[in-house]
Amino acid sequence: MTTSIGSVLRSSGIANIERALSARSARPRAKVWKNSIAVGHEQRVKAYMPIRNARQMREMIEAAKLYERQTLAERRTTTPRIRNGAIGQAGIQIIEFMARIIDYSSGALFPSLHTIVQGTGLSKNCVVQSLARLKEARILDWFRRYEPIPEDEVDGAGPRVRQATNAYRFLFPAFLARIFAARRRRGIAADTAPACEQYRQIEAARDMDRMMDQLPLWELPREQRNKRELADSLSSLARALGMSERESSSREDNPRRYFI
């Protein structure tokens with residue numbers, strides 16, 4: 001009894017392995033992130049969120065700044081020298097940059113990481129960390145996307161798709177709306193200066209005042225010298241008035257001491 005080579009291969013499973021390897025090599029490889037969506041199909045997963053008007057975006061940015069200052073103040077109660085709150089000043093810069101380039105009618109927003117870096121002037125690492133904080137705060141979200149590679153760029157049995165830029169969207173969380181509503185009720189205008197810059201300016205002014213207080217009078221500028229002379233005169237006048245009041249009260253308490 002003779003056994004053919006084909007039956008031996010089929011019984012050993014080698015033929016099946018050969019066919020599987022051949023089919024796998026012929027199948028295009030897709031080197032993209034998991035759960036990526038195809039470019040042009042963003043609306044299927046609601047990757048974009050249209051903006052009603054510019055006022056909605058401005059209110060959201062102001063609320064984000066207020067939220068950053070609030071969380072910064074809370075963190076400074078335990079760590080006085082900390083510079084950022086929950087989203088950081090870099091996060092505010094990214095929000096403002098995204099608000100400038102978003103398509104309000106459709107909500108389309110898909111800048112590359114390089115575009116964000118160039119538009120904000122931040123480092124790549126800072127942008128990545130700030131985006132993560134914005135996503136954790138539910139202020140910004142994004143979806144990964146992929147796109148087909150043109151036929152003239154495909155070489156052999158390589159990948160037929162490639163990773164595209166992310167699709168971003170603003171979430172407009174409810175807690176930011178509450179923060180802005182509370183600010184509007186109090187009538188407090190949003191401050192244009194960052195909280196860390198305000199803190200730096202206040203500390204610099206205090207250092208300058210302490211330095212001026214240590215200088216002798218003749219080394220001060222004319223304006224500072226006039227202020228100190230006026231302060232000294234007022235202080236002397238206050239001391240004199242205090243002494244006069246004490247003497248008057250003493251006379252009233254002990255009239256015989258002065259009228260014998």
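Reader: Which residues does arginine 145 touch, not counting residues up to four places away in sequence?

Author: In this predicted model, arginine 145 touches Ser36, Ile37, Val39, Glu42, Tyr48, Phe110, Gln163, Ala164, Thr165, Asn166 and Ala167. Each of these counts as a contact because heavy atoms lie within 4.5 Å.

Reader: Why is arginine 145 called buried?

Author: Its relative accessibility is 5%, and buried means under 20%, so arginine 145 falls in the buried class. Arginine 145 lies in strand 2, where isoleucine 37 stands opposite to it.

Reader: How do you know that strand 1 and strand 2 pair, and in which sense?

Author: Two strands pair if DSSP finds at least two bridges between them. Strand 1, residues 37–38, and strand 2, residues 140–148, are joined over 2 bridges in the parallel sense, so the requirement of at least two is met.

Reader: What makes strand 2 and strand 3 a pair, and what is the bridge partner of leucine 140?

Author: Strand 3 covers residues 161–170, and it pairs with strand 2 in the antiparallel sense over 8 bridges, so the criterion of at least two bridges is satisfied here too. The bridge partner of leucine 140 is phenylalanine 170, in strand 3.

Reader: Why are tryptophan 142 and tyrosine 168 called a tilted pair?

Author: A search of the whole structure finds 3 aromatic pairs. In the pair of tryptophan 142 and tyrosine 168, the centres are 5.8 Å apart and the planes make an angle of 55°. The centres must lie within 6.5 Å, and planes under 30 degrees apart count as stacked while those over 60 count as edge-to-face; the angle of 55° meets neither condition, so the pair is tilted. Tryptophan 142 lies in strand 2 and tyrosine 168 in strand 3, so this pair ties together parts that are 26 residues apart in sequence.

Reader: Are the two rings' residues buried or exposed?

Author: Tryptophan 142 has 19% relative accessibility and tyrosine 168 has a relative accessible area of 4%. With the limit for buried set at under 20%, both values lead to the label buried.

Reader: What makes lysine 135 a charge over the face of tryptophan 142?

Author: Lysine 135 lies over that face at 4.4 Å from the ring centre, and the distance part of the criterion asks for NZ of Lys within 6 Å of the ring centre, so the distance condition is met.

Reader: Why is the contact of lysine 135 with aspartate 141 called a salt bridge?

Author: The N to O distance between their side chains is 3.7 Å, and a salt bridge needs a nitrogen of Lys or Arg within 4 Å of a carboxyl oxygen of Asp or Glu, so the pair qualifies. Lysine 135 is partly exposed at 33% relative accessibility, whereas aspartate 141 is buried, with a relative accessible area of 11%. Salt bridges that share partners join Lys135, Asp141 and Arg169 into one network.

Reader: How many salt bridges does the search of the whole structure find?

Author: The search finds 6 salt bridges, among them the one between lysine 65 and glutamate 96, whose N to O distance is 3.1 Å. Lysine 65 lies in helix 3 and glutamate 96 in helix 4, residues 88–101, so the pair ties together parts that are 31 residues apart in sequence. Glutamate 96 is partly exposed, with a relative accessible area of 26%.

Reader: What separates glutamate 59 and arginine 55 within helix 3?

Author: The two residues are 4 residues apart in helix 3, residues 54–76, and are therefore separated by about one helical turn. Their side chains meet in a salt bridge with an N to O distance of 3.0 Å, which is within the 4 Å limit. Partly exposed is the range between the 20% and 50% limits, so glutamate 59 at 22% and arginine 55 at 49% both carry that label.

Reader: Where is valine 32, and what does it touch?

Author: Valine 32 is placed in the loop between helix 2 (14–26) and strand 1. Not counting residues up to four places away in sequence, valine 32 touches Tyr146, Val161, Arg162 and Gln163. Valine 32 is partly exposed, with a relative accessible area of 28%.

Conventions: Residues are numbered from 1 along each chain as its sequence is written. This is a predicted model: local features need pLDDT of at least 70, side-chain atom pairs count only at pLDDT 80 or more; totals for chains, interfaces and linings use all residues. Side-chain values use heavy atoms; hydrogens and water are left out. Buried means under 20% relative accessible area, exposed over 50%, partly exposed in between (1.4 Å probe, protein chains only). Rings of Phe, Tyr and Trp (its six-membered ring) pair if their centres lie within 6.5 Å; planes under 30 degrees apart count as stacked, over 60 as edge-to-face and the rest as tilted. A charge sits over a ring if NZ of Lys or CZ of Arg is within 6 Å of the ring centre and within 35 degrees of the ring normal.
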